[in-house]
Amino acid sequence: MDYFYLFVGLIGLFFGGEALVRGSVGIARRMSIPPLLIGLTVVGFGTSTPELLVSVDAAWRGVPDIALGNIVGSNIANILLIVGLSALVWPIKVMGATLRRDTAVMMAAALFLVPIFALGQMTRLSGLVLFSGLVAYLVWAYLKPGEAEAEDESLKPPASTLVSVLWVIGGLVALMVGARFLVDGAVSIARGYGISEAFIGLTIVAIGTSLPELATSLIAAFRRQSEIAIGNIIGSNIFNVLGILGVTALITPIPVASRFLTFDLPVMIAVSLVLTGLLLTRPVIGRGVGLVMLAGYALYVWAAQG
């Protein structure tokens, strides 16, 4: 039954995230909201909603290792697993200064977690600081958009505003149900097999909540839309740290296990540095780099069991 809960939770998160993004984009377009702002807020936050609901639910129910592991593990999986798979499908072209600016924000957000995690607990104050950083980033990006960014043409507005609203409602319901089932199944499996809740959060739960990013990036890679594939990952990582962790800590303080400061966060910072270096020094992230990233993710999962 635990595996059934896990499966239902993953399905709910995947389809709920897709429905929420589709409906939200439809509403935003019909309200004539600028495409860049749609990408930064509606799509970015929409694909990160599974992480938000799972982390908040886990923190509320006294399993903080899953709440934190979900975010840190999602960011690691986004870079090593999803960028790696996307590069295998089609080499990713590095697209200009705007992308590099956002990568610098992603790197800064990751480094800012070091002093927060060192305190041993994420307080409401640290959550407020993180969320304020997200607001400042969105305002900055809107006022200084840089180069034009391509839109994902697969997200066409539905026939009417009512249909868009129904997509949003249905997506939120599916996400809430999926988050509850996923946390229930993951906690039961971890405790039943003596696996740490942190490891479950860093792997199974993290990959499950990253399914919207995985789907978006792989579809973009198949269509050879490199800027969407890589931009989706960078935006998601920024939202995960500043938005999801910030909101979760605002709702309820989160104790930080020592392993996150000594192992998992350093890995997240290291892979973020690798991605930043690739974007600054290479015109293309090719299939060879993609294979190395996937091997790196397999090595991380193996090492994370300890």
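Here are some friendly notes on this predicted model, point by point.

1. **The overall picture.** Let us begin with the whole chain. The protein has 306 residues, and 52% of them count as buried. Its secondary structure consists of 11 helices together with four strands. If you take the contacts between residues at least 6 apart in sequence, 87% of them join residues at least 24 apart. Keep that last figure in mind while you read the points on single residues.

2. **Helices α3 and α10.** Look at α3, which covers residues 64-89, and α10, which covers residues 258-281. Their axes come within 9 Å of each other and cross at roughly 25°. Angles under 35 degrees count as roughly parallel, and α3 and α10 are therefore roughly parallel to each other. The crossing of α3 past α10 is left-handed. On the α3 side, the contact is made by D65, L68, G69, V72, N75, I76, I79 and L80. The α10 side brings F260, D264, L265, V267, M268, V271, S272 and L275. Sorted by class, this contact has 11 nonpolar, three polar and two charged residues.

3. **Helices α7 and α11.** Which way does α7 pass α11, left-handed or right-handed? The crossing is left-handed. Helix α7 spans residues 197-209 and helix α11 spans residues 287-304; they pack at an angle of about 145°, with axes 9 Å apart. Here F199, L202, T203 and I207 from α7 meet Y297, Y300, V301 and A304 from α11. Seven of the residues in this contact are nonpolar, one is polar and none is charged.

4. **Helices α7 and α8.** Helix α7 also meets α8, which runs over residues 211-222. The axes of α7 and α8 come within 4 Å and cross at roughly 55°. That angle makes α7 oblique to α8. From α7 the contact uses I207, G208 and T209, and from α8 it uses L211, P212 and E213. In this contact of α7 with α8 there are three nonpolar, two polar and one charged residues.

5. **Salt bridges.** How many salt bridges does the structure hold? There are two. Some background helps here: side chains of opposite charge can pair when their charged atoms come close. One salt bridge joins the side chains of D57 and R61, at 2.8 Å from N to O. With a relative accessible area of 10%, D57 is buried, whereas R61, at 36%, is partly exposed. In another salt bridge R259 pairs with D264, and their closest N and O atoms are 2.7 Å apart. Both R259 and D264 are buried. You have met D264 already, as one of the α10 residues in the contact with α3.

6. **N70, a residue in α3.** Find N70 in helix α3. Is N70 buried or exposed? Its relative accessible area is 0%, so N70 is buried, given that buried means under 20%. Leaving aside neighbours within four places in sequence, N70 is in contact with E51, V54, S55, G201, V205, A206 and T209. N70 and G208 are 138 residues apart in sequence, yet their C-alpha atoms are 9.1 Å apart in space.

7. **L81, also in α3.** Further along helix α3 you will find L81. L81 is buried, with a relative accessible area of 17%. Which residues does L81 touch, not counting those up to four places away in sequence? They are I76, I207, L294 and Y297. Two of these names may look familiar: I207 and Y297 also take part where α7 meets α11. L81 and I207 are 126 residues apart in sequence, while the distance from C-alpha to C-alpha is 9.1 Å.

8. **A109 in α4.** Last, turn to helix α4, residues 96-118, where A109 is found. A109 is buried, with a relative accessible area of 5%. Setting aside neighbours within four places in sequence, A109 is in contact with V241 and L242. A109 and L130 are 21 residues apart in sequence, and their C-alpha atoms lie 8.2 Å apart.

Technical notes: Residues numbered from 1 in each chain as written. Predicted model: local features only at pLDDT ≥ 70, side-chain atom pairs only at ≥ 80, totals over all residues. Heavy atoms only, no water. Axes fitted to C-alpha atoms, helices over the stretch in contact; angles between N-to-C directions. Helix = DSSP H or I, 4+ residues; strand = E, 2+ residues; numbered from the N terminus. Left-handed = near helix turned anticlockwise from the far one by under 90°. Contact = heavy atoms within 4.5 Å. Nonpolar A, V, L, I, M, F, W, Y, C, P; charged D, E, K, R; others polar. Parallel < 35°, antiparallel > 145°, perpendicular 65-115°, else oblique. Salt bridge = Lys/Arg side-chain N within 4 Å of Asp/Glu carboxyl O. Buried < 20%, exposed > 50% of the residue type's maximum accessible area, 1.4 Å probe, protein only.
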